Amino acid sequence: LLEDPQISLTRMAECAGVTRPTLVHYFGDRNGAARAALESAALVGRRFLGLIVSLPIHDPQQVLEQVLLLTIVGWRDRGVGRLHEVGIQLGLNDAETAHCYLSEILDPLTESMQHLLDRMVVAGSIAHPDTHTAAVQLLGPVVLALLHQHGLGGRSVSPLSEEDLAREHVRAFMRAYAT
């Protein structure tokens, strides 16, 4: 699925070492199998997301940079980017898969950043009345840059350093919201 989002249910069954009727029995159709794959992958990511929430917050700028840099590494080097790409691609054509992608992959990332920001607000490190919006503000440009550079091949058209973008973005966020 991650290698070929258009993979047939028959080919999925072959890769899994089962029959097509077995996949149909458990998942219904190709989109059902894709949703199960996204849910399964999300279980692996929960450990990383738990790490984000529990990071020490004594230096908010350093911690936010660390989270964005870890997100970049996961995206590029650990297959997380491919999960997002497949989730978006399949989700645009199937509402149930879109919901699965949002609830299992994208929203948990945003929520973990939000919980980290909630801790920073309580500690008095940042002042932002809506940490959900702040989490989207922090993650959005980095996710867009990663999609551009890797998923869409923008690296060959208009290369940029995701790390430099993340660092500058956090500096701007801190200028706006640091207490």
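**Figure 1. Arg-82 and Glu-85 pair within one helix.** Arg-82 counts as partly exposed, at 27% relative accessibility. This is a predicted model. The side chain of Arg-82 forms a salt bridge with Glu-85. Their closest N and O atoms are 2.8 Å apart. Both residues sit in helix α5, which runs over residues 80-91. They are 3 residues apart, about one turn of the helix. Is Glu-85 buried or exposed? Glu-85 is buried, with a relative accessible area of 16%. The cut-off for buried is under 20%, so Glu-85 falls on the buried side. Arg-82, at 27%, lies between the buried and exposed limits and is therefore called partly exposed.

**Figure 2. Arg-167 and Asp-164 pair in helix α8.** Helix α8 covers residues 162-177 and holds both partners. Arg-167 and Asp-164 are 3 residues apart, about one turn of the helix. Their side chains meet in a salt bridge, at 3.8 Å from N to O. A salt bridge needs a nitrogen and an oxygen within 4 Å, so this pair qualifies. Arg-167 is partly exposed, at 31% relative accessibility. Asp-164 is also partly exposed, at 49%. Exposed means over 50%, so Asp-164 does not count as exposed.

**Figure 3. Glu-104 and Arg-46 link distant parts of the chain.** Which helices does this pair join? The side chains of Glu-104 and Arg-46 meet in a salt bridge, at 3.0 Å from N to O. Glu-104 belongs to helix α6 (residues 95-123). Arg-46 belongs to helix α3 (residues 30-54). The two residues are 58 residues apart. Arg-46 counts as partly exposed, at 36% relative accessibility.

**Figure 4. Four charged residues form a network.** Side chains of opposite charge can pair when their charged atoms come close. Which residues are linked in a network here? Salt bridges connect Arg-76, Arg-155, Glu-162 and Glu-163. The whole structure contains 11 salt bridges. The protein has 14 positive and 20 negative side chains. The centres of these two sets lie 4 Å apart.

**Figure 5. Cys-15 and Cys-100 are not bonded.** A disulfide is a covalent bond between the sulfur atoms of two cysteines. How many disulfides does the structure hold? The count is 0. Why is Cys-15 not bonded to Cys-100? Cys-100 has the cysteine sulfur closest to that of Cys-15, but it is 20 Å away, so it is too far for a bond. A disulfide requires sulfur atoms within 2.5 Å. Cys-100 is in no disulfide either, and its nearest cysteine sulfur is that of Cys-15. Cys-15 counts as exposed, at 53% relative accessibility. Cys-100 is buried, with a relative accessible area of 4%.

**Figure 6. The whole fold gives the setting.** The protein has 8 helices and 0 strands. Along the sequence, its pattern is α-α-α-α-α-α-α-α. The C-alpha trace spans about 60 × 35 × 25 Å along its principal axes. The protein has 179 residues, and 39% of them count as buried. Its accessible surface comes to about 9,500 Å². Carbon and sulfur atoms make up 57% of that surface. Take the contacts between residues at least 6 apart in sequence: 64% join residues at least 24 apart.

How values were computed
Residues numbered from 1 in each chain as written. Predicted model: local features only at pLDDT ≥ 70, side-chain atom pairs only at ≥ 80, totals over all residues. Heavy atoms only, no water. Helix = DSSP H or I, 4+ residues; strand = E, 2+ residues; numbered from the N terminus. Buried < 20%, exposed > 50% of the residue type's maximum accessible area, 1.4 Å probe, protein only. Contact = heavy atoms within 4.5 Å. Areas by Shrake-Rupley, 256 points an atom, 1.4 Å probe, with all protein chains shown as cover. Lys, Arg positive; Asp, Glu negative; His and termini not counted. Charge placed at Lys NZ, Arg CZ, Asp CG, Glu CD.
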